[in-house]
Amino acid sequence: MKTYRLASREEHPDDTIIKIGERLTVGGRELLVIAGPCAVEGRELYLEAAELVKAGGAHMLRGGAYKPRTSPYSFAGLAQEGLEILREASRNTGLPIVTEVMDARELPLVCQYADVLQVGSRNMQNYTLLKEVGKTNKPVLLKRGFAATILEWLLAAEYILAAGNSQVILCERGIRTFETYTRNTIDLGAVVAVKELSHLPVIVDPSHGTGRASMVAPIARAAIAAGADGIVVEVHQNPTEALSDGFQSLTPTCFSHMIDELRLVAEAVGRVLPTY
Ligand code: PEP
Ligand code: MN
């Protein structure tokens, strides 16, 4: 028996389709596009970004209110104020939001605002957090640890499933290798492997997966062609001024072009990018 019994396709041959908000699903024929800035930097900027990504074809908003930064001196997010801005953007646009929860102590607060809880790459093996998000009734976007094998990633999902929450969306976001040109090495083979091994939906993050804006659209196209159930992309109105991850952020115009291309790729592989 597989150690990740609940996550395995043997146990559950059909694809799991997860419902998000009133009208979105992930894991079925319809692809999910999540977009927004890396971090919520301020109210005006975020509310405008939300309108722009919606106009460009996003189905759901992203944005960090709690940011795991490598340096303790970097911008770490607006915390509750950021959550409030996310909620306001969701109300304005009608799009659900996903945001990262970094610590089990912040989970009750984040749950009051988020439609989907994000567990970040650095926390993929925070088993206390995994068990706690597993006790909620919110879908969980589980990013792959940057040094995690596919087995470790599926076992992290298993923690959430075993705690009672069956709504796990996996996210490939690149792993650390000897290569330094790209920020991470995106592992599209892992998307194919996870689809074989598990019934859970899997999306791709070409922003963190490459660290370079110029590479985001080509990798997004490849991800959809390889069978990913969606993408999560960083978009900023003024990437050079972004407080985090500007180098990998698309402008709203580039984002909207990318979505037009993805529609064609989706169709070629029997999927659909819904427009609302
Ligand atoms: C993010 O999506 O904001 C993020 C911090 O990504 P990761 O956990 O994959 O580094
Ligand atoms: Mn980021």
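**Note on the manganese site and the ligand 1 pocket**

1. Cys-38 has a relative accessibility of 3% and therefore counts as buried, the cut-off being under 20%. The structure discussed here is a predicted model, and the remarks below should be read accordingly.

2. Cys-38 contributes its SG atom to the coordination of the manganese ion (ligand 2). The other donors are His-208 through NE2, Glu-234 through OE and Asp-245 through OD, with distances of 1.9 to 2.4 Å. Along the sequence, the donor residues of this manganese ion follow the spacing C-x169-H-x25-E-x10-D.

3. Cys-38 belongs to the loop between strand S3 (32-36) and helix H1 (43-56), while Glu-234 belongs to strand S10 (residues 230-234); the pair therefore ties together parts that are 196 residues apart in sequence. Glu-234, at 0% relative accessibility, also counts as buried, given the threshold of under 20%.

4. Ligand 1 sits in the largest pocket. The residues surrounding ligand 1 are Arg-62, Lys-67, Glu-100, Gln-118, Gly-120, Ser-121, Arg-122, Lys-143, Arg-173 and His-208. His-208 thus appears in the surroundings of ligand 1 and is a donor to the manganese ion (ligand 2).

5. Three side chains deserve mention for their polar contacts with oxygen atoms of ligand 1. A polar side-chain atom of Lys-67 is 2.8 Å from an oxygen atom of the ligand. For Arg-122, the distance between a side-chain N or O atom and a ligand 1 oxygen atom is 2.9 Å; for Arg-173, the corresponding distance is 2.7 Å. Ligand 1 taken alone exposes 300 Å², of which the protein buries 97%.

Terms used: Residues are numbered from 1 along each chain as its sequence is written. Chains are lettered from A and ligands numbered from 1 in the order in which they are written. This is a predicted model: local features need pLDDT of at least 70, side-chain atom pairs count only at pLDDT 80 or more; totals for chains, interfaces and linings use all residues. Side-chain values use heavy atoms; hydrogens and water are left out. Donors are N, O and S atoms within 2.8 Å of the metal (3.2 Å for Na, K and Ca); water is not among the atoms, so sites may look incomplete. Helices (H or I, at least four residues) and strands (E, at least two) are DSSP runs, numbered from the N terminus. Buried means under 20% relative accessible area, exposed over 50%, partly exposed in between (1.4 Å probe, protein chains only). A residue is near a molecule or strand if one of its heavy atoms lies within 4 Å of it. A polar contact is a pair of N or O atoms within 3.5 Å; within protein, one must be able to donate a hydrogen and the other to accept it, and residues adjacent in sequence count only if both atoms are side-chain atoms. Accessible areas come from the Shrake-Rupley method with a 1.4 Å probe; for residues, only the protein chains shown count as cover. On a 1 Å grid over the protein atoms alone, a cavity is a set of points where a 1.4 Å probe fits but cannot get out, and a pocket is an open set with protein on both sides within 12 Å along at least five of seven lines; lining residues have an atom within 4 Å of a point. A molecule sits in a cavity or pocket if more than half of its atoms lie within 2 Å of its grid points.
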